[in-house]
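Colleague: Please give me one close and connected look at the ligand surroundings in this model, with the contacts spelled out atom by atom where that can be done.

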Amino acid sequence: MNIIFLGPPGAGKGTQAQRICDALSIPQISTGDMLRKAVKEGTPTGLKAKEYMDAGKLVPDEVLIELIRDRLSEEDCQKGYILDGFPRTVPQAEALEGIARIDAVVELNVPDDHLVNRLSGRRVCLNCGATYHVSLLQGRENCEKCGEKLIQRKDDAPETVLNRLKVYHDQTAPLIDFYQGKGLLQTFDGTKGMEEVYQSIMEALNKLS
Ligand code: ADP
Ligand code: ADP
Ligand code: ZN
């Protein structure tokens with residue numbers, strides 16, 4: 001199954017996508033993780049992306065479309081995947097139609113007032129992409145999955161978060177109607193606990209397969 005996860009920054013896309021990908025044995029394709037890795041390694045894509053990411057702006061469509069086209073042609077994507085963070089604009093969604101056949105779009109709905117707290121407390125592992133919240137870490141500083149030191153993303157600072165929420169409403173939220181119109185959209189209440197959200201998504205996906 002080829003699935004898109006859609007929702008504002010902090011909605012829980014990464015948290016849920018990682019768990020569901022483990023359960024279904026399919027790859028999680030997080031464009032944010034791919035771009036952060038490219039920035040860390042100083043690749044040409046990373047050099048192009050860094051200033052946009054730091055400012056909480058979207059990286060240009062052509063950079064993302066090329067990144068996704070290459071990634072989806074790899075062997076491990078042939079039996080399905082979750083796209084986490086792509087597409088984020090209508091031109092990206094239109095380009096994706098020429099690259100892949102999508103089976104479902106999972107929208108996590110979370111109002112803005114929850115998101116600032118979620119993002120300012122977020123801690124991430126740049127090695128494996130795992131995501132945590134500081135309120136649940138009880139002082140632990142390393143990734144439970146791979147042991148790497150957790151970091152706070154620069155773009156999770158409150159000023160940048162407000163900018164990212166605006167970008168979401170202006171440029172990404174139109175995709176809700178786009179995919180609704182294609183009969184692919186399934187919306188979940190992302191303010192519920194992580195376990196409850198996970199169970200609801202799995203139940204819906206099981207009905208499709
Ligand atoms: P979040 O999980 O908070 O929604 P991501 O990790 O997905 O954030 O993305 C971080 C940043 O990477 C974005 O603010 C943007 O600069 C860039 N980015 C990731 N995916 C895309 C995309 N599909 N189009 C444009 N920019 C992207
Ligand atoms: P996204 O990938 O959509 O930007 P994340 O999965 O990184 O979102 O989650 C953002 C923050 O919110 C993280 O600190 C994560 O631990 C926390 N979080 C995720 N899901 C929930 C939930 N259902 N309830 C409360 N906090 C959550
Ligand atoms: Zn890790």
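Modeller: Strands, as the word is used here, are DSSP runs of E with at least two residues, and they are numbered from the N terminus. In that sense H133 belongs to strand β6, and this residue is a convenient way into the surroundings of ligand 2, with the caution that the model is predicted. H133 counts as buried because its relative accessibility of 18% is under the limit of 20%. A polar atom of the H133 side chain lies 3.3 Å from the backbone oxygen of N117, while a backbone N or O atom of H133 is 3.4 Å from an oxygen atom of ligand 2.

Ligand 2 has an accessible area of 560 Å² on its own, and the protein covers 88% of this. Two elements, α1 (13-24) and β6 (131-133), each give two or more residues to the shell around ligand 2. That shell holds 17 residues, and the closest of them are G10, K13, T15, R122 and K192. From the side chain of T15, an N or O atom comes to 2.5 Å from an oxygen atom of ligand 2, and for K13 the distance between a polar side-chain atom and an oxygen atom of ligand 2 is 2.8 Å. Sorted by class, the shell around ligand 2 consists of 8 polar, 5 nonpolar and 4 charged residues.

R122 leads on to ligand 1, since this residue is listed among the nearest ones for both ligands. Around ligand 1 there are 19 residues, of which T31, K57, G85, R122 and R164 come nearest. Helix α2 (residues 31-41) supplies the largest share of this shell, with 4 residues, and by class the shell divides into 8 charged, 7 nonpolar and 4 polar residues. Two arginine side chains each place an N or O atom by an oxygen atom of ligand 1, R36 at 2.9 Å and R153 at 3.1 Å. Q92 instead has a polar side-chain atom 2.9 Å from a nitrogen atom of ligand 1. Of the 560 Å² of accessible area that ligand 1 has on its own, the protein covers 96%.

S30, in strand β2 (residues 28-30), can be added as a contact within the protein. Its side chain has a polar atom 3.0 Å from the backbone nitrogen of D33, and S30 is classed as buried because a relative accessibility of 7% is under 20%.

The remaining ligand is the zinc ion, ligand 3, whose donors are the SG atoms of C125, C128, C143 and C146, at 2.3 to 2.4 Å. Along the sequence these donor residues follow the spacing C-x2-C-x14-C-x2-C. The site is tetrahedral, with angles of 97 to 119 degrees among the 4 donor atoms, and the label applies because four donors count as tetrahedral if all angles lie between 85 and 135 degrees. For reference, the ideal angle for four tetrahedral donors is 109.5 degrees. C143 and C146 fall into separate accessibility classes: C143 is buried, at a relative accessible area of 5%, whereas C146 is partly exposed, at 35%, because that value lies between the limits of 20% and 50%.

Note on methods. Residues numbered from 1 in each chain as written. Chains lettered and ligands numbered in written order. Predicted model: local features only at pLDDT ≥ 70, side-chain atom pairs only at ≥ 80, totals over all residues. Heavy atoms only, no water. Donors = N, O, S within 2.8 Å, 3.2 Å for Na, K, Ca; no water. Tetrahedral: all angles 85-135°; square planar, octahedral: opposite > 155°, others 65-115°. Buried < 20%, exposed > 50% of the residue type's maximum accessible area, 1.4 Å probe, protein only. Near = heavy atom within 4 Å. Polar contact = N/O pair within 3.5 Å; in protein donor to acceptor, adjacent residues only side chain to side chain. Areas by Shrake-Rupley, 256 points an atom, 1.4 Å probe, with all protein chains shown as cover. Nonpolar A, V, L, I, M, F, W, Y, C, P; charged D, E, K, R; others polar.
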